[in-house]
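User: I am new to this structure and would like to be taken through it in questions and answers. Could each answer show its reasoning before it settles on a value or a name?

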Amino acid sequence: MKRKGIEELDDQNRPIDKLPFDLLAHIFAMLTCFKDLAQTSAVCRKWRQGVKESLARREKLSFSGWKVDDDSTTRLVLYAYSLKELDISRSRWGCQITDRGLYQLSTAKCVSNLSSLSLWGTTGITDTGVVQLISRANSVQHLNIGGTFITDTTLFAIAGSCPHLKSIVLWGCRHVTENGLLALVNKCRKLESINAWGMRVTVDCFVGLLTISPTLQIEPKGMLPNIAVF
């Protein structure tokens, strides 16, 4: 018992534990591996609070390349009160975010302040989850939903909820039609560019979009012939 008491005293006198709490949180904010954050959080109560504080200060958070699920993603985002850019692109097999995860993320305080959101390649989501999240992401300027199975329903929701949208990636969104694109360009008057690679829409559709917004950039370049819009 006496030996245990000495060990506990030694733990309390570790140099890192003498650091001010703000500095400790600043150090933890430099950790980019979520596994390291989880292990750090498990050390002691002070470190756990330090990890939470470091998340609260982050303006960018990317899960791209990491093996995450609905619950682990939500747990971290809920603490990231100052978040401006969120990337939950799927870039690793076995990583699956579903509509349930998007529902949970939509409750996070930071969602209404996001300026950039990427759901690229997240094939486990549908219109139902995306619409729920987008309906609260009213400040989004840059949105990537390429490589998903969304339809016009999502584009109608974006048109009604994201007045500040400047760019959108719809790469490979083959279930989106002319109706969705027209609604988007008509409502999102600040829209500057659309990545439409691999979409099943006609050249005439893109001509119609340029008629509405002549300065709109449709990527990738070279998809359309030289068109004069009057």
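**A walk through the model**

Analyst: Trp-171 is partly exposed, because its relative accessible area is 34% and the partly exposed class lies between the 20% and 50% limits. The model is a predicted one.

User: Where does Trp-171 lie, and which residues make the nonpolar surface patch with Trp-171?

Analyst: Trp-171 lies in the loop between S5 and helix H9, the latter spanning 178–187. The nonpolar surface patch covers about 310 Å². The residues that make this patch together with Trp-171 are Trp-120 and Trp-197.

User: Is Ser-167 buried or exposed?

Analyst: Ser-167 lies in strand S5, which covers residues 167–169. Its relative accessible area is 18%, and since the limit for this class is under 20%, Ser-167 is buried.

User: With which side chain does the side chain of Ser-167 make a polar contact?

Analyst: Leaving aside neighbours within four places in sequence, Ser-167 is in contact with Gln-141, His-142, Leu-143, Leu-191 and Ser-193. The polar contact made by the side chain of Ser-167 is at 2.8 Å, and the partner is the side chain of His-142.

User: Which residues is Leu-165 in contact with, leaving aside its neighbours within four places in sequence?

Analyst: Leu-165 is listed among the residues with the most contacts inside the largest nonpolar core. With those sequence neighbours left aside, the residues in contact with Leu-165 are Val-140, Gln-141, His-142, Leu-143, Ile-158, Leu-184, Cys-188, Lys-190 and Leu-191.

User: How many residues has the largest nonpolar core, and which helix gives the most to this core?

Analyst: The largest nonpolar core has 56 residues, and those with the most contacts inside it include Ile-158, Ile-168, Leu-170, Leu-181 and Ile-194. Several helices each supply at least two residues of this core, among them H2 (21–28), H4 (45–57), H8 (152–161) and H9. The helix that gives the most, with four residues, is H10.

User: Which residue has a side-chain oxygen that reaches towards a backbone nitrogen at the start of H5?

Analyst: Helix H5 covers residues 70–79, and its buried residues include Asp-70, Ser-72 and Leu-76. At the start of H5, the backbone nitrogen belongs to Asp-71, and the side-chain oxygen that reaches to within 3.3 Å of this nitrogen comes from Asp-69.

User: What percentage of the contacts in the chain with a separation of 6 or more is between residues 24 or more positions apart?

Analyst: The chain has 10 helices and seven strands, and of its 230 residues 41% count as buried. Among contacts with a separation of 6 or more, the part that residues 24 or more positions apart account for is 71%.

Key
Residues are numbered from 1 along each chain as its sequence is written. This is a predicted model: local features need pLDDT of at least 70, side-chain atom pairs count only at pLDDT 80 or more; totals for chains, interfaces and linings use all residues. Side-chain values use heavy atoms; hydrogens and water are left out. Buried means under 20% relative accessible area, exposed over 50%, partly exposed in between (1.4 Å probe, protein chains only). A polar contact is a pair of N or O atoms within 3.5 Å; within protein, one must be able to donate a hydrogen and the other to accept it, and residues adjacent in sequence count only if both atoms are side-chain atoms. Contact means heavy atoms within 4.5 Å. Patches are made of residues with over 30% relative accessible area and no salt bridge: like charges are joined within 9 Å, nonpolar side chains (Val, Leu, Ile, Met, Phe, Trp, Tyr) within 5 Å. Accessible areas come from the Shrake-Rupley method with a 1.4 Å probe; for residues, only the protein chains shown count as cover. A salt bridge is a side-chain nitrogen of Lys or Arg within 4 Å of a carboxyl oxygen of Asp or Glu. A nonpolar core is a set of buried Ala, Val, Leu, Ile, Met, Phe, Trp, Tyr and Cys residues joined through side-chain atoms within 4.5 Å.
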